[in-house]
Amino acid sequence: MEEKIENMDFENAMKKLEEINDRLEKNKVPLEEAVCLYEQGMKLVEYCGKKLDEAEGDIKKIIIDGDSESIEDL
Amino acid sequence: MIYERMEPESKEQKVYSVTDLNLYVKALLTRDDNLQGIWLRGEISNFTHHQGRHMYFQLKDDKSQLRCAMFENANSTLDFTPEEGMDVLCKGNISIYTARGEYQIIVTEMLAGGLGTLYLAFEKLKKRLHEEGLFDEQYKKPIPILPRRVGVVTSEDGAALRDILSVIKRRFPNMDVLIMPTPVQGKGAAEKIAKGIRIIDTKDVDLIIISRGGGSIEDLWCFNEEVVARAIFDAEKPIISAVGHETDFLISDFVADLRMPTPSAAAERAVPSKHKLLKRLSDEARRCARALENLVLEYRTRLERVKISPIFRRPEMLLEDFAQNLDESIRELDRNIRILLKDYRLHLKNQQERLRALGPEDVMKRGYSVVLDSSGDLVSSVTEVSEGDLLNIKMTDGDIESLVKEVKKWKKK
């Protein structure tokens, strides 16, 4: 429960979000706690969205030249 | 010699029985050391395994063939299954099946030649690595759901790479890919593939796909080599093996963390559909907002219900009851006290009456008096008094101070 969002991977963050939704839908949560959960949920949504856009679409290859290596675009 | 036992019809021309001839030839053949323990190479044809016991087949090359028999005691220890068309090496003894006059070889040992030898070695290696634990489930790493960068070990020019890149682009357009180009067949390919795996394992990739796009089993053989298996097992990143042979499993398939039948299938498994993930995310976001909305609505409704309840609007209603109860209690208490008092007064009066009845006043009114001595003590007997004593006589209306003149005690009757 106390794990920082920044340390979660995408799948864990999604699972946490689903857990929050399960709790909110059960209807037994006191109002203050519900608002807090909602805020957490929205933070997770934002985080997951960022994670999906993180990669830049680079396609590179490794070139070995004797003992040296380099990375070039394909 | 056998033929000496025969009875020729004429002394000039020796005529033999078939059996004798066959036996003679058999003896000839079996006596020749060159023909015993001989190694032959050929292709199996007309293979039968009679009732699962003795094997009968032909060995042939492009010009000739030879009948073979391999009896149960020899064939039961074979570590492979001989098959029609298989290229094999056979060790055996040339002989004749006399009853049929058939020239044959009795096979005592058989090895799979050519590709068969390869298969043998493959089976041995597979068994050894399996026993070492390289195929065990416990060492298999899970494939990450959303990798940041995918590593690919394959030939730069092959169809495999094209397929993989196209699937990745389609499913997740902004996915990063790092390629380690390696030869995937030919001499020295296994060592180069192993080296490629070791290099890309040190790079910033979240998983590795090893792939080639099909080909004959000989072309794929480098993925059956131990050096490749070791490299896959030692790697820290999860590895998907997709080396393109639909039905057979190569050793790299067994060691890898996941095996897929084709390069495209590997790419689909490695990379999620961004569209699906976005949809899942937006569904959850909506669910969250809606859940909160419903909660707030429910709380508001409950609040409204409380606000319109009679107690809420006129809270003094609660007090009214209390006040009434209190008044009632006080009245009750008052009533009870009065009753008690009345009882006590009556009781007191009765006691006073009794007291008076027991007291001397009434008696004294009838003429009796109380006699006290000079100390104030009651005198109730003449023995307490002597002549000359002072006595106080109390009457109902006063005292009489008197002096005793004479004391006379009455005699008992």
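In this predicted model, B:Glu132 and B:Arg230 form a salt bridge, with their closest N and O atoms 2.8 Å apart. B:Glu132 lies in helix α3 (residues 115–132) of chain B and B:Arg230 in helix α6 (residues 226–234) of chain B, so the bridge ties together parts that are 98 residues apart in sequence. Both ends were assessed for accessibility. B:Glu132 has a relative accessible area of 45% and is partly exposed. B:Arg230, at 24%, also counts as partly exposed.

Helix α6 of chain B takes part in a further contact through B:Asp234. Here B:Asp234 forms a salt bridge with B:Arg198, and the closest N and O atoms are 3.5 Å apart. B:Arg198 sits in helix α5 (residues 189–201) of chain B, and the two residues are 36 apart, so that the pair links distant parts of the chain. B:Arg198 is partly exposed, with a relative accessible area of 41%. For B:Asp234 the value is 47%, and this residue is likewise partly exposed.

Salt bridges also occur between the chains. The side chains of A:Glu18 and B:Arg280 meet in one, at 3.3 Å from N to O. A:Glu18 belongs to helix α1 (residues 10–25) of chain A, whereas B:Arg280 belongs to helix α9 (residues 274–307) of chain B; the pair therefore joins two chains. A:Glu18 shows 22% relative accessibility. Buried means under 20%, so A:Glu18 counts as partly exposed. B:Arg280, with a relative accessible area of 25%, is partly exposed too.

Side chains of opposite charge can pair when their charged atoms come close. Such pairing extends to a network of salt bridges in this model. The network links A:Lys51 and A:Glu54 with B:Arg148, B:Arg149, B:Asp176 and B:Asp204. Over all chains, the count comes to 37 salt bridges.

The surface was also examined for nonpolar patches. B:Leu21, B:Tyr24 and B:Leu28 make a nonpolar surface patch of about 260 Å². B:Tyr24 is placed in helix α1 (residues 18–31) of chain B. The relative accessible area of B:Tyr24 is 31%, and the residue is partly exposed. Patch residues need over 30% relative accessible area, so B:Tyr24, at 31%, meets this cut-off.

How values were computed. Residues are numbered from 1 along each chain as its sequence is written. Chains are lettered from A and ligands numbered from 1 in the order in which they are written. This is a predicted model: local features need pLDDT of at least 70, side-chain atom pairs count only at pLDDT 80 or more; totals for chains, interfaces and linings use all residues. Side-chain values use heavy atoms; hydrogens and water are left out. Patches are made of residues with over 30% relative accessible area and no salt bridge: like charges are joined within 9 Å, nonpolar side chains (Val, Leu, Ile, Met, Phe, Trp, Tyr) within 5 Å. Accessible areas come from the Shrake-Rupley method with a 1.4 Å probe; for residues, only the protein chains shown count as cover. A salt bridge is a side-chain nitrogen of Lys or Arg within 4 Å of a carboxyl oxygen of Asp or Glu. Helices (H or I, at least four residues) and strands (E, at least two) are DSSP runs, numbered from the N terminus. Buried means under 20% relative accessible area, exposed over 50%, partly exposed in between (1.4 Å probe, protein chains only).
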